[in-house]
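Please look over the structure shown here, then read the briefing that follows. The points are grouped by topic.

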Amino acid sequence: LQDCGIYSIKPQNITKELENVYIDEIWGIGKNTCSLLNKFGIYKVCEFVNLTDTFLKKYFTKRSIEIKEELKGNVVYKVTNVFPFPKSIQKTCSFSTFINDKNYNMDFSEVFGQEQAKRALEIAIAGGHNCLLTGSPGSGKTMLAQRVKTILPDLTLEEALEVTKINSLYGEDSKEIIFERPFRSPHYTISEKGLIGGGDFPKPGEVTLANSGILFLDELTEYKSNVLEMLRTPLEDKEITISRVKAKITYPTDFILIAAMNPCSCGYYGSLLRKCTCSERSRKRYVEKISGPLLDRFDLFVEVTSIEYSEFKKENKESVSEKIKRSVIQARNIQKERYEKYDINLNSELQNSYIKEFCKLDLKSQELLDKFYVKAKISARAYNKIIKVARTIADLELKENIEPRHIAEAIQYRKKEEKL
């Protein structure tokens, strides 16, 4: 169960809550044996049985002697309903990539204008950066966020198995592998348990169900402060540990956070269409619902402004999402090749020790960043996030080195933070 994030569970803690949980590893045996068993498919946990010749012959007709010798004396789960890989998946048992052929019936071309916001979301998905959209009601924040799913890269087999196992732990019993990246959008009335996970035998929450995908929080300021603060650890550590009497479970939380909010209570602060009716004190009180430490974990701050009437007359029959997705995949492939020897997938995952190695700045870029650091009085975390965003922008432009214009664009996405 380690791949599901369960590290310290013991046999006596297994309850009926674990029935119908799909795994591709069996508890209590070595990695070599796990690799053998994985070839048989994905298994369903039902109950404990002792190893017997009958059991081995029934479920593992191949290599049963070798497996029995290695597992002698151990207790394993009874395996029923073995689901072999479909033929379409067998062809990709080089374990490269699933093809997500789902038609979302939506496209970024349906959002008039908002080119800067589209560009920011392209950068966010390409490098795994968190993004906050701010703007007046009806400006297109939610439409933009919902269409992010159309530019998400296809899942690899490893990611698809992990997503399937997580959904299985949550209670969604599916006989097919899930190959669509998660896009979770919980309502702002959600509790801490719903967001983080919990229960007597802790089930995964929204932060885990969004693993390998997107967690979208609309109307960010409407969420309870104590619920939002629970996001800080999952965002930083990419995992969450839940301790209960029966078990201590660690779930993965490797997601991209996209959030949307109004700039004030009435929603029209800075709008060209309507005058804001909020006092300065009221506006500050509204924005302060989001704590500084949580805001600091966003990489991109985007102001979604009201569009001009002329934008409605423009028609774009071409698929904007398809073009953006190709660019995202290209940038991610560059990152995959660059970090092949490291435990890193995306630019957002770069630790401080790797930033100097992979994000070298020339003199002009360094001077530009230093000036902004002094003027804006940003944190060290924000400073590093600007560099990592600039690295992603360079990758999207197929540039080997970060240039001053990449730093300048990354800074622009941070300047919007000053308006909050």
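Gln114 is buried, because its relative accessible area is 9% and the cut-off for buried is under 20%. Gln114 sits in the loop between helix 4 (87-90) and helix 5. Although not a glycine, Gln114 has a positive phi of about 55°. The model is a predicted one.

**Two loop residues with positive phi**

- Lys377 also is not a glycine, and its phi is positive, about 55°.
- The loop that holds Lys377 lies between helix 16 and helix 17.
- Is Lys377 buried or exposed? Lys377 is exposed, because its relative accessible area is 73% and the cut-off for exposed is over 50%.

**Helix 5**

- Helix 5 covers residues 115-127, which makes 13 residues.
- From its first C-alpha to its last, helix 5 reaches 18 Å, close to the 18 Å expected at 1.5 Å a residue.
- Of the 13 residues of helix 5, 10 are buried, and the helix is mostly covered.
- The buried residues of helix 5 include Ala117, Lys118, Ala120 and Leu121. Glu122, Ile123, Ala124, Ile125, Ala126 and Gly127 of helix 5 are buried too.
- Gly128 follows helix 5 and has a positive phi, near 75°.

**Helix 5 against helix 14**

- Helix 14 is made of residues 320-338, and its axis comes within 8 Å of the axis of helix 5.
- The two axes cross at roughly 35°, and the crossing of helix 5 and helix 14 is right-handed.
- On the helix 5 side, the contact is made by Glu122, Ile125, Ala126 and Gly127. On the helix 14 side, Ile324, Ser327, Val328, Ala331, Arg332 and Gln335 take part.
- By class, this contact of helix 5 with helix 14 has five nonpolar, three polar and two charged residues.

**Ile256 in strand 11**

- Ile256 belongs to strand 11, residues 256-261.
- Ile256 counts as buried because its relative accessibility is 7%, and the cut-off is under 20%.
- Which residues does Ile256 contact, leaving aside its neighbours within four places in sequence? They are Ala124, Ile125, Gly128, His129, Asn130, Gly213, Ile214, Leu215 and Arg332.
- Among these contacts of Ile256, Ala124 and Ile125 are buried residues of helix 5, and Arg332 is one of the helix 14 residues that meet helix 5.
- Ile256 and Ser348 are 92 residues apart along the chain, and their C-alpha atoms are separated by 9.8 Å.

**Pro182**

- Pro182 is in the loop between helix 7 (157-170) and strand 5 (183-184).
- With a relative accessibility of 9%, Pro182 counts as buried.
- Not counting residues up to four places away in sequence, Pro182 touches Val163, Leu209, Ala210, Asn211, Ser212, Gly213 and Ile214.
- Pro182 and Asn211 are 29 residues apart in sequence, and 7.0 Å separates their C-alpha atoms.

**Nonpolar cores**

- In soluble globular proteins, nonpolar side chains tend to be buried together.
- The largest nonpolar core here has 52 residues. The residues with the most contacts inside this core are Phe108, Ile125, Leu144, Val148, Ile214, Ile258 and Val302.
- Helix 17 (residues 380-396) gives the most to this core, with nine residues.
- A second, separate core has 30 residues, among them Ile190, Phe201, Leu294 and Leu295.

**Helix 17 and helix 16**

- Helix 17 is mostly covered, with 15 of its 17 residues buried.
- How far apart are the end C-alpha atoms of helix 17? They are 25 Å apart, which agrees with the 24 Å that its 17 residues should span at 1.5 Å a residue.
- Leu398, just after helix 17, takes a positive phi of about 60°.
- Helix 16 (residues 363-376) packs against helix 17 at an angle of about 145°, and their axes are 11 Å apart.
- Helix 16 passes helix 17 in a right-handed crossing. From helix 16, the residues in this contact are Gln366, Leu369, Asp370, Phe372 and Tyr373. From helix 17, they are Tyr383, Ile386 and Ile387.
- The contact of helix 16 with helix 17 has six nonpolar residues, one polar and one charged.

**The protein overall**

- The secondary structure comes to 18 helices and 12 strands.
- The protein has 420 residues, of which 49% count as buried.
- Among contacts between residues at least 6 apart in sequence, 73% join residues at least 24 apart.

Definitions and conventions: Residues numbered from 1 in each chain as written. Predicted model: local features only at pLDDT ≥ 70, side-chain atom pairs only at ≥ 80, totals over all residues. Heavy atoms only, no water. Helix = DSSP H or I, 4+ residues; strand = E, 2+ residues; numbered from the N terminus. Buried < 20%, exposed > 50% of the residue type's maximum accessible area, 1.4 Å probe, protein only. Contact = heavy atoms within 4.5 Å. Core = buried A, V, L, I, M, F, W, Y, C linked by side-chain atoms within 4.5 Å. Axes fitted to C-alpha atoms, helices over the stretch in contact; angles between N-to-C directions. Left-handed = near helix turned anticlockwise from the far one by under 90°. Nonpolar A, V, L, I, M, F, W, Y, C, P; charged D, E, K, R; others polar. Expected span 1.5 Å × (residues − 1).
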